[in-house]
Amino acid sequence: MEQKRKYFTVNYGCQMNEYDTEVLSGHLENLGYVPAGRIEEAEVLVINTCAVRQKAEEKVFSYLGKLHSLKQQNPNMLMVLWGCMVQQESVARKVRQRYSFIDLICGPHALGRFPELLEKARCSTRPVIELSELGDRENLPVKRKQGIHAWVPISHGCDNYCSYCIVPYVRGAEKSRRPENIMQEIRELVREGYREVTLLGQNVNSYGKDLEKDMNFARLLELADGVEGLLRIRFMTSHPRDFSEEVIRVIRRGEKICEHFHLPLQAGSNNVLQRMNRGYTREDYLQLIAKIRELIPGASITTDIIAGFPGEAEADFAQTMDMVRRIRFDAAFTFVYSPRKGTRAACMEDQLAPEVKKERIVALNNLQNRISLEKNEKLVGSTREVLVEGRSKTDPEMYTGRTRTNKIVHFCSNEELTGKLVKITITKAGPWTLTGQLLGIEEKLHR
Ligand code: SAH
Ligand code: SF4
Ligand code: F3S
């Protein structure tokens with residue numbers, strides 16, 4: 001029997017990057033490749049990269065260091081370095097100089113042109129670099145992971161230029177996808193057996209600003225909520241500045257739209273928020289949280305916070321801690337500020353010492369972990385609707401699912417329930433996950 005050609009992918013980025021990797025996989029499968037079980041078997045290796053923090057780049061460089069010997073053992077393996085990190089010209093150049101065994105270096109815009117670029121790289125003895133921003137992102141093949149959950153991009157790029165952030169530079173200007181294309185994709189996914197979609201964008205609330213007048217995020221959510229056979233809709237990321245009351249009301253009315261709000265706060269002091277160019281104050285943010293909790297009392301709220309932004313004084317950081325105490329987020333992704341070349345914040349004076357940043361993030365994490373645990377402990381004894389995702393990755397004896405509020409629950413179950421909504425009584429809580437007992441299948445959707 002003829003041996004099929006194989007490919008292997010490695011992902012270092014966010015959900016949008018994961019989706020892009022699914023498209024690259026889709027292209028490769030159209031070309032006749034199949035996934036390799038082990039990296040050594042691959043004829044094509046794709047590494048999708050991220051630029052958002054220094055650490056993300058360091059991880060990729062350390063990986064590249066290890067790849068040299070793999071290339072020596074498999075000289076015919078085509079190595080592709082894709083994504084946000086290499087969209088930065090200086091990084092692409094560095095890769096070409098120091099890691100000349102990489103065959104193709106491509107920014108995220110070339111997604112539609114991957115097959116031709118791969119062919120070009122195959123025929124070339126020198127690395128091929130493609131950083132142009134041209135490229136359509138419709139009608140692309142997508143090879144999604146098997147399961148019940150699918151990522152669905154609704155917009156690409158970002159126009160916000162938060163002063164610390166590299167994303168607008170590497171991902172380009174914001175562009176909304178056509179609603180009919182999004183809806184067609186969701187319906188198709190349901191036909192294929194997917195039950196939950198996450199609508200993706202750097203700022204989903206500004207969806208539709210570049211489309212016809214009556215198209216916006218609230219309208220899109222409503223349309224998606226009407227898709228028969230779909231069980232749940234999630235979305236990320238929301239920008240607090242653009243979050244309208246209309247969207248909160250649509251979520252409240254919606255049957256499938258989950259009551260989980262990921263609203264990056266970034267900082268709690270107005271002074272820092274302003275220098276971050278976030279476009280809201282702490283008071284605006286508190287008001288938004290109050291509105292969400294008034295209209296949807298059971299909603300969960302999670303956030304992103306940066307500690308150690310340039311010029312962040314003790315008093316500014318105290319305001320961040322104060323916001324965390326007041327709001328009591330269900331969870332927070334916390335980051336030490338990382339200067340990104342070319343962004344405004346990287347040139348600001350008063351960059352803080354690493355020890356100060358470290359100290360602050362430790363304090364922040366201790367506080368938030370305690371709050372997350374307390375909030376989860378409150379759920380013990382209650383019964384929740386859980387969508388069963390399949391066997392747990394950490395304990396194959398157990399199954400995993402999520403509540404509507406995006407809490408991960410582990411429980412004993414069986415294969416037939418995967419993809420179904422079940423009732424689970426929560427029996428134990430940790431800061432990040434819950435344990436529960438299966439009560440039965442959910443008859444109909446409810447909160
Ligand atoms: N578009 C999304 C996600 C951006 S990246 C949003 O606006 O929320 C995800 C998170 O990384 C950001 O929310 C921010 O908290 C963090 N981040 C971005 N740039 C960073 C930097 N230079 N240093 C540290 N954290 C950063
Ligand atoms: Fe970056 Fe701000 Fe855009 Fe988010 S909204 S991607 S943090 S510039
Ligand atoms: Fe995502 Fe990192 Fe790019 S967060 S958009 S992969 S810079």
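Trainee: In what sense do S15 and strand S16 (residues 399-403) pair, and over how many bridges?

Mentor: Good place to start, and keep in mind that this is a predicted model. One facing pair to look at is Arg391, which stands opposite Tyr399 in S16. As a whole, S15 and S16 pair in the antiparallel sense, over 5 bridges.

Trainee: And which residue stands opposite Val386 in S18?

Mentor: Strand S15 (residues 383-391) also pairs with strand S18 (residues 421-429). That pairing is antiparallel too, with 5 bridges. Within S18, the residue opposite Val386 is Val422.

Trainee: Which three residues supply 42% of the area that domain 2 buries against domain 3?

Mentor: Let's set the scene first: domain 2 covers 149-376 and domain 3 covers 383-442, and their C-alpha centres are 26 Å apart. The contact involves 20 residues of domain 2 and 16 of domain 3, and about 1,400 Å² is buried between the two, with carbon and sulfur atoms giving 48% of that area. On the domain 2 side, no other three residues supply more than the trio giving 42%: Leu231, Arg232 and Asn376.

Trainee: Why is one side of strand S2 (34-35) and of strand S6 (128-130) left without a neighbour in the sheet?

Mentor: Look at the strand order of this open sheet of 6 strands, S2-S1-S3-S4-S5-S6, paired in parallel. S2 and S6 stand at its edges, so one side of each has no neighbour, because each has a single partner strand.

Trainee: Which residue of S4 is the bridge partner of Ile47?

Mentor: Strand S3 (residues 44-49) and strand S4 (residues 78-83) run parallel and are joined by 6 bridges. Among the bridge partners, Ile47 is matched in S4 by Leu81.

Trainee: What angle does the direction of helix H5 (residues 114-123) make with that of S4?

Mentor: H5 packs on the sheet and touches S3, S4, strand S5 (104-106) and S6. Compared with the direction of S4, that of H5 makes an angle of about 140°.

Trainee: By how much are neighbouring strands of the sheet S7-S10-S11 turned against each other on average?

Mentor: This open sheet has 3 strands with parallel pairing, and strand S7 (149-153) and S11 are the edge strands, each pairing on one side only. Ignoring direction, the average turn between neighbouring strands is 25°.

Trainee: At what angle to S7 does helix H7 (residues 179-191) run?

Mentor: S7 pairs in parallel with strand S10 (residues 196-200) over 5 bridges, and Ala150 has Val197 as its bridge partner in S10. Helix H7 lies across both S7 and S10, and its angle to S7 is about 170°.

Trainee: Which peptide bond is cis, with omega near 5°?

Mentor: Go to the loop between strand S11 (232-236) and helix H9 (245-253), where you will find Thr237. The cis bond, with omega near 5°, is the one from Met236 to Thr237.

Trainee: How many residues of the shell around ligand 2 are charged?

Mentor: The residues surrounding ligand 2 include Cys158, Cys162, Cys165, Gln202, His239 and Arg278. The shell has 7 nonpolar and 3 polar residues, and the charged count is 1.

Trainee: How many residues of the shell around ligand 3 are nonpolar?

Mentor: Ligand 3 is surrounded by Gly13, Cys14, Asn17, Cys50, Ala51, Val52, Cys84, Arg171 and Gln202. Of these, 3 are polar and 1 is charged, while the nonpolar count is 5.

Note on methods. Residues numbered from 1 in each chain as written. Chains lettered and ligands numbered in written order. Predicted model: local features only at pLDDT ≥ 70, side-chain atom pairs only at ≥ 80, totals over all residues. Heavy atoms only, no water. Near = heavy atom within 4 Å. Nonpolar A, V, L, I, M, F, W, Y, C, P; charged D, E, K, R; others polar. Pairing = 2+ DSSP bridges. Helix = DSSP H or I, 4+ residues; strand = E, 2+ residues; numbered from the N terminus. Contact = heavy atoms within 4.5 Å. Axes fitted to C-alpha atoms, helices over the stretch in contact; angles between N-to-C directions. Domains from an automatic or database assignment. Buried area = accessible area lost by both parts, 1.4 Å probe.
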